[in-house]
Each structure stands twice: as C-alpha cells, then as structure tokens.
Amino acid sequence: MSSLEAPELVQLSAQEDGRIEKILVHQGSQVQKGDLLLVLDQEQQKADVVNLRAKAATDQLNYDRYESLVRQGAASRIQRDQFRQEAIASREALNAREADRRYRTSAPRSAASSPTCR
C-alpha cells in the first residue's frame with residue numbers, strides 16, 4: 001500500500017462561520033487556486049440582513065418623526081440629531097452587510113496552488 005502527498009501543506013479556513021451545506025470536492029480531488037470547495041448555509045446571513053433592514057427602517061422613521069417635531073417646536077435639535085446619527089449608522093451597517101454578503105456568495109474562495117484534498 002502506498003500514498004501520495006502534496007509537496008506543500010496548505011491550511012484552509014473560512015472567512016465566515018457557518019454550517020456547511022455542501023462539500024464540492026472529495027478526498028484526493030485536485031483543486032486549483034480559486035476553486036470553490038464548499039458552500040456554507042446562508043440562512044443566518046439572510047436573517048442578519050432582514051434584522052438590519054428592520055433596524056434601518058425603524059431608525060429612519062424615528063428620525064423623520066423627530067424632524068417633524070423639531071419643526072413644530074416640540075423637540076430639540078439635539079434629540080433630532082441623535083436620531084439622525086442612528087439612522088445613518090444603521091443604514092451604513094445594512095449597506096456594509098449586504099455588500100459583504102454579495103461578495104461572499106459570488107466570489108470564489110481562494111484555495112492553494114494545486115494541493116490534493118485529504
């Protein structure tokens with residue numbers, strides 16, 4: 001009995017935690033840099049985006065309410081500005097998470113330069 005080993009030892013790690021949904025290679029498969037090796041379950045990432053969308057909408061609504069109250073003289077500009085900052089922060093958090101999710105679900109992960117999967 002004999003075995004063949006790759007000339008280089010390669011450490012692989014995921015950029016994101018998650019449950020493996022599907023493994024696309026088998027032990028002994030030749031892989032190239034850029035080959036997709038596995039698919040992670042996207043349900044938690046989808047739920048995170050839904051929660052961030054809801055927070056962004058709520059924060060924008062609160063800001064809009066305070067903007068109206070300031071015009072009526074019923075609230076301070078400082079309060080309105082705090083809600084404005086929260087609306088901006090939550091919107092940017094949503095944009096960042098959506099961009100990150102698009103990248104992670106469309107860009108192939110980098111493997112090594114021709115190792116054999118073990």
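How many helices and how many strands are there in the protein chain? In this predicted model, the count comes to two helices and two strands. Read from the N terminus, the elements follow the order β-β-α-α, so the strands lead and the helices follow, as that order of elements shows.

A few overall figures help set the scene. The chain has 118 residues, and 21% of them are buried. Its accessible surface amounts to about 9,000 Å², with 51% of that belonging to carbon and sulfur atoms. As for contacts between residues at least 6 apart in sequence, 69% join residues that are at least 24 apart.

Part of the surface is a nonpolar patch of about 260 Å², put together by Ile 20, Ile 23 and Leu 38. Leu 38 belongs to strand S2, which covers residues 38–40. With a relative accessible area of 32%, Leu 38 counts as partly exposed. That value is just enough for a place in the patch, because patch residues need over 30% relative accessible area.

Charged side chains are the next topic. Side chains of opposite charge can pair when their charged atoms come close, and the structure holds nine salt bridges. One of them links Arg 97 to Asp 100, with the closest N and O atoms 3.1 Å apart. These two residues sit three apart in helix H2, so about one helical turn separates Arg 97 from Asp 100. Arg 97 is buried at 17% relative accessibility, while Asp 100 is partly exposed at 25%. Elsewhere, salt bridges that share partners tie Glu 67, Arg 71, Arg 80 and Asp 81 into one network.

Within that network, Arg 71 and Glu 67 meet in a salt bridge of 3.9 Å, N to O. Both lie in helix H1 (residues 43–72), and because they are four residues apart, about one helical turn lies between Arg 71 and Glu 67. Arg 71 is exposed, at 63% relative accessible area.

Arg 80 is found in helix H2, which spans residues 77–106. The side chain of Arg 80 forms a salt bridge with that of Asp 81 (3.1 Å, N to O), and the two side chains also make a polar contact at 3.1 Å. Arg 80 is buried, with a relative accessible area of 15%, whereas Asp 81 is partly exposed at 36%. What else does Arg 80 touch, leaving aside its neighbours within four places in sequence? The contacts are Tyr 63, Tyr 66, Glu 67 and Val 70.

Notes: Residues are numbered from 1 along each chain as its sequence is written. This is a predicted model: local features need pLDDT of at least 70, side-chain atom pairs count only at pLDDT 80 or more; totals for chains, interfaces and linings use all residues. Side-chain values use heavy atoms; hydrogens and water are left out. Patches are made of residues with over 30% relative accessible area and no salt bridge: like charges are joined within 9 Å, nonpolar side chains (Val, Leu, Ile, Met, Phe, Trp, Tyr) within 5 Å. Accessible areas come from the Shrake-Rupley method with a 1.4 Å probe; for residues, only the protein chains shown count as cover. A salt bridge is a side-chain nitrogen of Lys or Arg within 4 Å of a carboxyl oxygen of Asp or Glu. Buried means under 20% relative accessible area, exposed over 50%, partly exposed in between (1.4 Å probe, protein chains only). Contact means heavy atoms within 4.5 Å. A polar contact is a pair of N or O atoms within 3.5 Å; within protein, one must be able to donate a hydrogen and the other to accept it, and residues adjacent in sequence count only if both atoms are side-chain atoms.
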